[in-house]
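Colleague: Could you take a close look at one part of this structure for me, the nonpolar core and what sits around it? I'd like one connected account rather than a list.

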Protein chains: 2
Amino acid sequence: MTTEIISIGDELLIGQVINTNASWMAVQLNDAGAEVRQISCVSDAADEIQRALREAEQRADLILMTGGLGPTHDDITKDVLCRYFDTHLVMNDRVLENITSFFQRKGLPLTQLNKDQALVPEAAIVIDNPVGTAPGLAFRKNEKLYVAMPGVPYEMKHIIQTFVIPYLQKNGKGEKILHKTILTQGIGESFLAVKIADWVAALPSTIKLAYLPSPGIVRLRLSIRGNQPEEMMKLLSEEAERLKTLIPDFFWGMDNEKLEAQVGKMLGEKSASLSTAESCTGGYIAHKITSVPGSSTYFKGSVIAYDNRVKEEQLGVCKQLLQDFGAVSSEVVEKMAEGVKNLLKTDYAIAVSGIAGPDGGTPEKPVGTVWVAVAGPDGTVSKKFLFGDERERNIVRAGTAALGMLRNQLLA
Amino acid sequence: MTTEIISIGDELLIGQVINTNASWMAVQLNDAGAEVRQISCVSDAADEIQRALREAEQRADLILMTGGLGPTHDDITKDVLCRYFDTHLVMNDRVLENITSFFQRKGLPLTQLNKDQALVPEAAIVIDNPVGTAPGLAFRKNEKLYVAMPGVPYEMKHIIQTFVIPYLQKNGKGEKILHKTILTQGIGESFLAVKIADWVAALPSTIKLAYLPSPGIVRLRLSIRGNQPEEMMKLLSEEAERLKTLIPDFFWGMDNEKLEAQVGKMLGEKSASLSTAESCTGGYIAHKITSVPGSSTYFKGSVIAYDNRVKEEQLGVCKQLLQDFGAVSSEVVEKMAEGVKNLLKTDYAIAVSGIAGPDGGTPEKPVGTVWVAVAGPDGTVSKKFLFGDERERNIVRAGTAALGMLRNQLLA
């Protein structure tokens, strides 16, 4: 089913909020066989919302809107929808009950603003929102479905999961778009293209290939459309397997796998534990690792040694080494890895020391110079990376490189 | 100047990539006085890109496109633009020189795919891209300007800063949109609305107010449009000051201030140092703190004590305390804060212990229960929070709450 997403809110157009809602919805819709044809962000202005609706309904059969359903005066979507679908607001008892019990559960008083959220357009199908106060609103017109949802992510997610996805499952035409994504690390987009050129040339015409570069990782996405999902998936999997063998040094995973989850799984299988000692990444790697549910079974902890004294006193890096080689060196980063491994009594340890920038660079060690070490049962290895000028990007790339090195050690 | 952004790429429509480019651009455009009327994400398909161009040019005078200029076969924007502007590709020597020196600097060989990036539409104004290989391309038609940029964030950013912003400064009509944002913490949107209702009612009609809730933080944005920026900013600042005094317990900053940067500045002014001891936040707080350039002057390091043994052995939390009260308790979190403060010899320390989820909850301590402690020169305080069910959201909210508590201690 052709679908469009209209994201309503000035905050999107002035860049104050990043449109993560639309991306999340797109993933779910795609999985349910819907094709998202366009995502449009428009202002909190009645005429802009109406124009976006008119344009979207010309192209799509399912029109999803988020935003502007909140309790405050700047939330105008409900009024716009009343005008667009020629209806008016009426009090809905079930919604009022939900709102009342929502505030009771939280032990908070009920304001008039919240009570008014139980006013809904008479022509609307009201969609329960047990995790918030604004209900979802759906409208039918000319065999198309329009769904308005709150912009609060977990409220929107609830409505997508309980209303939109079941609707698609019931009314979809059966045609599906399937994807298979090959995840690579340690090689740039154009070098990858050269390496796999023959494979690309031999790819069946029904399969579409896209390159998706991000800091430290290039993803290769294969897509196919049709109504025989099993055969389609078989074709995609075969091509993905073929591709894997062409780039054994760079391939590390498939689809939505995360390096930190994969490494966690590998540690789990070995019943091995992990710690980190981080200087320039400042806790980013520990944060990535602990973002995985269940990571407490293999992750013991970290020493964030931002200050050199912490490297000396907690991690046992001797002063002489710091003086002779500097904190950003193979010698120091290896000692950091071994230090935290001993201190927290883990089987493996990652250490990172580098110059994230914008300051601290020298001609010999410019901003972006990062040393990564991995200590394991069979010893310690370290590697130097030269990233770029941007602090944030350098932290992310260092994290990806460190997890990639740990993965290689776990595979070895 | 009315502007539209067209983000090109299937990855946006299947939700594989979040459109952070458009948000970043929107901020810069807004600052330069341009009004972003719509952001549209469309597919890597010629007819979709052409349709989006036709629609956008009816509404805007400046049309910005990102994506599809890379070296690989799925990058079709250049060909689409040739057809749209009725021109053809020619080799551009300056671009070829840039590409050649780009690869030389990186010590990488030059592939044919990269050489082909020097083919540009003859009718285009070629925009230098010293940080990448695909140049920006601008076209003029009916007094409108069209700019196509690579989708790689730092390449796009370079072209916005060196070409688009100067163009706006030269050709803008002088009308500006100014914003002032008041940052609050520790209070929900509807309660805030009730507290400030009288102030909202008395707000001049020229000022528009929007509520922007995010995990742990509600932002109140005031906007005004006109061509007398000094007077407009004075009006906004006066209203923002008035608002501050109405919510002294919840107000913590203005505009794009970040809690971690503000706390860092306050520590710098006191010449005080900071450390963290993190359990359920797993390094997230240290990562936030060290995302601030220059944070090494006040931030010494952390102990991420995911495992209870690390809490005991590194932070000196005695076993008995863990047994009697559990890791998620006032007693343990205070000891963690004091432990890391002593260990890393800092003036202040933050500690967090909680149940991020999805597992680990009990009837007495459900998922979302988080204790935060702040230890300082005058002692240690701790506070219990009850967040929600989502792991990621709980980690972020715990981080915001912890930085907020530290801020209050630094103010006291």
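Modeller: Sure. First, the contact rule I'm using: two residues are in contact if their C-beta atoms, placed from the backbone, lie within 7 Å. Also keep in mind that this is a predicted model.

By that rule, and skipping neighbours within four places in sequence, A:Ala337 is in contact with A:Ala277, A:Ala349, A:Ile350, A:Ala351, A:Ala373, A:Val374, A:Ala375 and A:Thr380. A:Ala337 belongs to the largest nonpolar core, which has 124 residues. Among the residues with the most contacts inside that core, A:Ala337 is listed with A:Met336 and A:Val372, and from the other chain come B:Met336, B:Ala337 and B:Val372. There is also a second, separate core of 93 residues, and A:Ile5, A:Tyr146, B:Cys41 and B:Val80 are included in it. As a general point, nonpolar side chains in soluble globular proteins tend to be buried together.

Now over to chain B, where B:Ala373 is a handy residue to follow. B:Ala373 is found in strand E16 (residues 369-376) of chain B. Is B:Ala373 buried or exposed? It has 25 other C-beta atoms within 10 Å, so it is buried, the cut-off for that being 20 or more. Again leaving aside neighbours within four places, B:Ala373 touches two of the core residues named above, B:Met336 and B:Ala337, and its other contacts are B:Val333, B:Glu334, B:Ala351, B:Thr380, B:Val381 and B:Ser382.

From B:Ala373 you can step across to a helix. The C-alpha atoms of B:Ala373 and B:Leu406 are separated by 8.7 Å, although the two are 33 residues apart along the chain. B:Leu406 is one of the residues that helix H16(B) uses in its contact with helix H11(B). H11 (residues 259-269) and H16 (residues 391-411) of chain B have axes that come within 10 Å and cross at roughly 25 degrees. The two helices are therefore roughly parallel to each other, and their crossing is left-handed. On the H11(B) side the contact is made by B:Leu259, B:Glu260, B:Gln262, B:Val263, B:Met266 and B:Leu267. H16(B) answers with B:Thr400, B:Leu403, B:Gly404, B:Leu406, B:Arg407 and B:Leu410. By class, the residues of this contact come out as seven nonpolar, three polar and two charged.

Going back to E16 of chain B, the loop between strand E15 (348-354) and E16 is worth a glance. B:Pro358 has its place in that loop, and the peptide bond from B:Gly357 to B:Pro358 is cis, with omega near 0 degrees. In chain A, A:Pro358 is found in the loop between strand E15 (348-354) and strand E16 (369-376), and the bond from A:Gly357 to A:Pro358 is cis as well, with omega near 0 degrees.

Since residues of both chains have come up, here's how the chains meet: 68 residues of chain A are in contact with 68 residues of chain B. Strand E14 (residues 299-305) of chain A gives the most to the chain A side, with seven residues. That side of chain A has 35 nonpolar, 23 polar and 10 charged residues.

Key
Residues numbered from 1 in each chain as written. Chains lettered and ligands numbered in written order. Predicted model: local features only at pLDDT ≥ 70, side-chain atom pairs only at ≥ 80, totals over all residues. Axes fitted to C-alpha atoms, helices over the stretch in contact; angles between N-to-C directions. Helix = DSSP H or I, 4+ residues; strand = E, 2+ residues; numbered from the N terminus. Parallel < 35°, antiparallel > 145°, perpendicular 65-115°, else oblique. Left-handed = near helix turned anticlockwise from the far one by under 90°. Nonpolar A, V, L, I, M, F, W, Y, C, P; charged D, E, K, R; others polar. Core = buried A, V, L, I, M, F, W, Y, C linked by C-beta atoms within 7 Å. Buried ≥ 20, exposed ≤ 12 C-beta atoms within 10 Å, placed from the backbone.
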